[in-house]
Amino acid sequence: MKTIGQQAQEFREAMGWTRTRMAAEVSRHAAKTVSRQAITQLEEVGDRRPHYLSALAKTMRTTVETLEAGKYIADKEKLTGALAAEIQALDSGWAEGDGV
């Protein structure tokens, strides 16, 4: 079974993100800011349950239960397609004046 840290690292690498970028993305969904050091510790220690687990799951587009079970699979093609769709939706909002 993969640890939460291993799954997070696989996701981050599939996205081509640095740990700093991963921390920023997780922070968008978290109540408190998540640091690069927290991401580093999670990846290196791996088997703990971080306080930002729910935010991590949202960032990874999965569930807490999947991460806790060690069953997350980072599918780069699917992930980059989902991210592209999110960016396109945001761009459409800006073009229509919704983003102002």
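**Exercise 1. Place glutamine 7 in the model and describe its surroundings.**

Glutamine 7 counts as buried because its relative accessibility is 0%, where buried means under 20% relative accessible area, exposed over 50% and partly exposed in between, with a 1.4 Å probe and protein chains only. This is a predicted model, in which local features need pLDDT of at least 70 and side-chain atom pairs count only at pLDDT 80 or more, while totals for chains, interfaces and linings use all residues. Residues are numbered from 1 along each chain as its sequence is written, and side-chain values use heavy atoms, with hydrogens and water left out.

Next, locate the residue: glutamine 7 belongs to helix 1 (residues 4-15), helices being DSSP runs of H or I with at least four residues, numbered from the N terminus. Then look at the polar partner: the side chain of glutamine 7 reaches the backbone oxygen of leucine 67 at 2.9 Å. Finally, list the contacts (heavy atoms within 4.5 Å): leaving aside residues up to four places away in sequence, glutamine 7 touches Lys2, Met60, Thr66, Leu67, Gly70, Lys71 and Tyr72.

**Exercise 2. Describe how helix 2 and helix 3 pack, from geometry to residues.**

Two packed helices are described by the angle between their axes and the distance between the axes. Here the axes of helix 2 (residues 19-27) and helix 3 (residues 36-45) come within 8 Å and cross at roughly 105°, the axes being lines fitted to C-alpha atoms over the stretch in contact, with angles that run from 0 to 180 degrees between N-to-C directions. Helix 2 is therefore roughly perpendicular to helix 3; angles under 35 degrees count as roughly parallel, over 145 as roughly antiparallel, 65 to 115 as roughly perpendicular and the rest as oblique.

At the level of residues, Arg19, Thr20, Met22, Ala23 and Val26 of helix 2 meet Arg36, Ile39, Thr40, Glu43 and Glu44 of helix 3. One of these residues, glutamate 43 in helix 3, counts as buried because its relative accessibility is 7%. A polar contact of 2.7 Å links the side chain of glutamate 43 to that of arginine 19; such a contact is a pair of N or O atoms within 3.5 Å, of which, within protein, one must be able to donate a hydrogen and the other to accept it, and residues adjacent in sequence count only if both atoms are side-chain atoms. Not counting residues up to four places away in sequence, glutamate 43 touches Gly5, Ala8, Gln9, Arg12 and Arg19.

To complete the picture, consider burial in each helix. In helix 2 the buried residues are Met22, Ala23, Glu25, Val26 and Ser27, and they pack against helix 1, helix 3 and helix 4. In helix 3 the buried residues are Ala38, Ile39, Thr40, Leu42 and Glu43, with a cover that includes helix 1, helix 2 and helix 4. After helix 3 comes glycine 46, with a positive phi near 75°.

**Exercise 3. Identify the residues and elements that build the largest nonpolar core.**

Begin with the membership: the largest nonpolar core has 23 residues, of which Phe11, Met22, Val26, Tyr52, Leu56, Met60 and Leu67 touch the most other members. Such a core is a set of buried Ala, Val, Leu, Ile, Met, Phe, Trp, Tyr and Cys residues joined through side-chain atoms within 4.5 Å. Helix 1, helix 2, helix 3, helix 4 and helix 5 each give two or more residues to this core, and helix 1 gives the most, with five residues.

Then take leucine 56 as an example: not counting residues up to four places away in sequence, leucine 56 touches Ile4, Ala8, Met22, Val26, Leu42 and Leu67.

**Exercise 4. Characterise arginine 61 and its loop.**

Arginine 61 is in the loop between helix 4 (53-59) and helix 5 (64-69), and it counts as partly exposed because its relative accessibility is 32%. Its phi is near 60°, a positive value in a residue other than glycine. A polar atom of the arginine 61 side chain lies 2.7 Å from the backbone oxygen of threonine 59. As a last step, compare sequence with space: arginine 61 and tyrosine 72 are 11 residues apart in sequence, and their C-alpha atoms are 9.9 Å apart.
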